[in-house]
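Trainee: Do you have a moment to go through this one with me? I would like to start with the fold and then move on to whatever catches the eye.

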Amino acid sequence: MKVSKNIVLKFSKDIVDRPIVCRLASQYNLEFNIVKAYITPREEGLLILRLEGESADFEKGLEYLEKSGVLIQPVSKDVVRNEELCTHCGVCVALCPAGALAVDEKTRKINFFGDKCNACGFCVTVCPMKAMEAKF
Amino acid sequence: MAKTIREINEKIKKGKAVVLTAEEMIDYVGKKGGKEASERVDVVTTGTFGPMCSSGMYLNIGHSKPKIKIGGGSCTLNDVPAYCGFAAVDIYLGCTQVSADDPKNSIHPGKFAYGGGHVIEDFVAGKDIRLKAISYGTDCYPRKRLETLINIKDVNEAVLFNPRNAYQNYNVAVNLSDKTIYTYMGVLKPGAANASYCSAGQLSPLLNDPYYRTMGIGTRIFLGGGVGYIVWHGTQHSPGVERGENGVPLSPAGSVAVMGDIKQMSAKWLRGTSMLGYGATLTVGIGMPIPILDEEMANFTAVKDEDIFAPIVDYGDAYPNAKPGNLGFVSYGRLKSGEIEVNGKKTPTASLSSYSKAREIAGILKEWIEKGEFLLGEATSPIPGPDSGIKFRPLTERPLE
């Protein structure tokens, strides 16, 4: 079964200069697309990847990353919605390029699918209620 | 048999009134027909929760010792300027006002993170607000400066007074230009890549009483989580626009001016709002009860999203340059499906007004009436209808010489 997920990878200062991610392709048969990448002033690395492959390869790939000292998080941990502030208007829906924000037809509330989020941060900018927050 | 508001109020007092939300009324009339619905149903409740820029509040803050005449001077609330052109300690804060320090659109698109609407939300939430006032001093009001915290529970009067709310229908905004634009209808991407609309449609108050038959000065409403009143027709009220066979206007038409004691309102239903690149505003929760006086009102309140049409307007050129015409009409049913067609191209839609909150408001108002806590207000003067001749006119500029 194919798996396709957006994940956030955090690299500590010690490993930030090592070639780690390229092996996901060469050894684990996974395809990746870099959504966002930067190195903080403290020389820690942050990388948001769209990772795709067979589920068995996917698991092994993640295991390899963890063993290499990379901290793995789902995007939904880094892009969050403050439920108290959200009024479920829907401004974000047509602007989200990843389809991670969608109207529930029954409740007419806005669902946020963290696993589809590509962390572009556009929703954070446009939300009139400042209900969306990106923690990087 | 036609009913009167007085008769309905007697039923409400006895806890016998039959109240449905505008959504429930659609099903009811669909099953039983307008005639039976008019006999059985007494009140239909509506709701809307969207950004409404013509909103603000006035305060009487009480007199300091010694006294100051803020009237004619200047003042700010949390650094946002309020209007001081009234008597000594009466001030009015409009929701679109931003502080002098706000970069506005000098760094485009501006964030407008904190404006009058946000001050109103904080004030209603019970937070202390920083008041700074400067005046010129008189014999009876000698003080020239005042800096103090004020709180909603200490001021004399705190009144929400909104000159234009609850617009009856609105434009669907797209952008046909080749660059992204930042409008009061949200961010619009070039080439009509998205469309935004702003109405609760079938739940919206004035779309359920298209000719304003049951509303007027004195109509009691749900306002900002408390009780308020319609006090006038709204600015830009334009009842004479083209209407469909069901009487529903095909473009922005009527509006109402509303007011109410803000001390009994809630920050949940008065939310400071920031429109990227456009400005600050206030999202207001409004719900109106519509008495089902006769079969016509039963049928009006059963109006469906599929039967309410809004014009698609280009905000890239036509709107800012006041060019007439539109790109066609689309129903709220289609708009809510998430996709419409603009110039033959599929365009995803988004709403600025929260339908789920509108539904919640209609439900709360229904509960208030069922419990006998909320009686219908009898209007002393009607909202001007299509025959009034009132029109929304453009400005004709004349040189000053």
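Mentor: Reading chain A from the N terminus, the order of elements is β-α-β-β-α-β-α-β-β-β-α-β. Please keep in mind throughout that this is a predicted model.

Trainee: How many helices and strands does chain A come to?

Mentor: The secondary structure of chain A amounts to four helices and eight strands, and its C-alpha trace spans about 45 × 40 × 20 Å along the principal axes.

Trainee: And what share of chain A counts as buried?

Mentor: Chain A has 136 residues, of which 43% count as buried. If you take the contacts in chain A between residues at least 6 apart in sequence, 63% of them join residues at least 24 apart.

Trainee: What about the surface of chain A, how much does it expose?

Mentor: About 7,500 Å² is exposed by chain A, with carbon and sulfur atoms supplying 50% of that area. As for charge, chain A carries 19 positive and 18 negative charges, and the mean positions of the two sets are 3 Å apart.

Trainee: Switching to the interface, how much area do chain A and chain B bury between them?

Mentor: The size of an interface is often given as the accessible area lost when the parts come together. Here chain A and chain B bury about 1,800 Å² between them, and 57% of this lies on carbon and sulfur atoms. The contact involves 21 residues from chain A and 26 residues from chain B.

Trainee: How many salt bridges does the rule find across that interface?

Mentor: Across the interface of chain A and chain B the count is zero salt bridges.

Trainee: On to backbone geometry in chain B, then. Which residues does a cis peptide bond join, and where are they?

Mentor: One such bond joins Lys65(B) and Pro66(B), with omega about -5°, and Pro66(B) sits in the loop between β4 (56-60) and β5 (74-77) of chain B. Another cis peptide bond joins His108(B) and Pro109(B), where omega is also about -5°; Pro109(B) belongs to the loop between β7 (90-94) and α3 (116-124) of chain B.

Trainee: Why flag those, and what about phi?

Mentor: Most residues other than glycine have a negative phi, and most peptide bonds are trans. Against that background, Asp79(B) has a positive phi of about 75° although it is not a glycine, and it is found in the loop between β5 and β6 (80-82) of chain B. Ala192(B) also has a positive phi, near 50°, and its place is in the loop between β13 (186-188) and β14 (195-197) of chain B.

Trainee: Is Asp79(B) buried, exposed or partly exposed, and what about Ala192(B)?

Mentor: Asp79(B) has a relative accessible area of 33%, and therefore counts as partly exposed, since partly exposed runs from 20% to 50%. Ala192(B), with a relative accessible area of 3%, is buried.

Trainee: Which residues does Thr347(B) touch?

Mentor: Leaving aside residues up to four places away in sequence, Thr347(B) touches Ala192(B), the residue with positive phi, along with others including Ala193(B), Asn194(B), Ala195(B) and Gly338(B). Thr347(B) is in strand β25 (residues 345-351) of chain B, and its relative accessibility is 0%, so Thr347(B) counts as buried.

Trainee: And where does Leu335(B) lie relative to Thr347(B)?

Mentor: The two are 12 residues apart along the chain, and the C-alpha atoms of Thr347(B) and Leu335(B) are separated by 9.9 Å.

Notes:
Residues numbered from 1 in each chain as written. Chains lettered and ligands numbered in written order. Predicted model: local features only at pLDDT ≥ 70, side-chain atom pairs only at ≥ 80, totals over all residues. Heavy atoms only, no water. Helix = DSSP H or I, 4+ residues; strand = E, 2+ residues; numbered from the N terminus. Buried < 20%, exposed > 50% of the residue type's maximum accessible area, 1.4 Å probe, protein only. Contact = heavy atoms within 4.5 Å. Areas by Shrake-Rupley, 256 points an atom, 1.4 Å probe, with all protein chains shown as cover. Lys, Arg positive; Asp, Glu negative; His and termini not counted. Charge placed at Lys NZ, Arg CZ, Asp CG, Glu CD. Buried area = accessible area lost by both parts, 1.4 Å probe. Salt bridge = Lys/Arg side-chain N within 4 Å of Asp/Glu carboxyl O.
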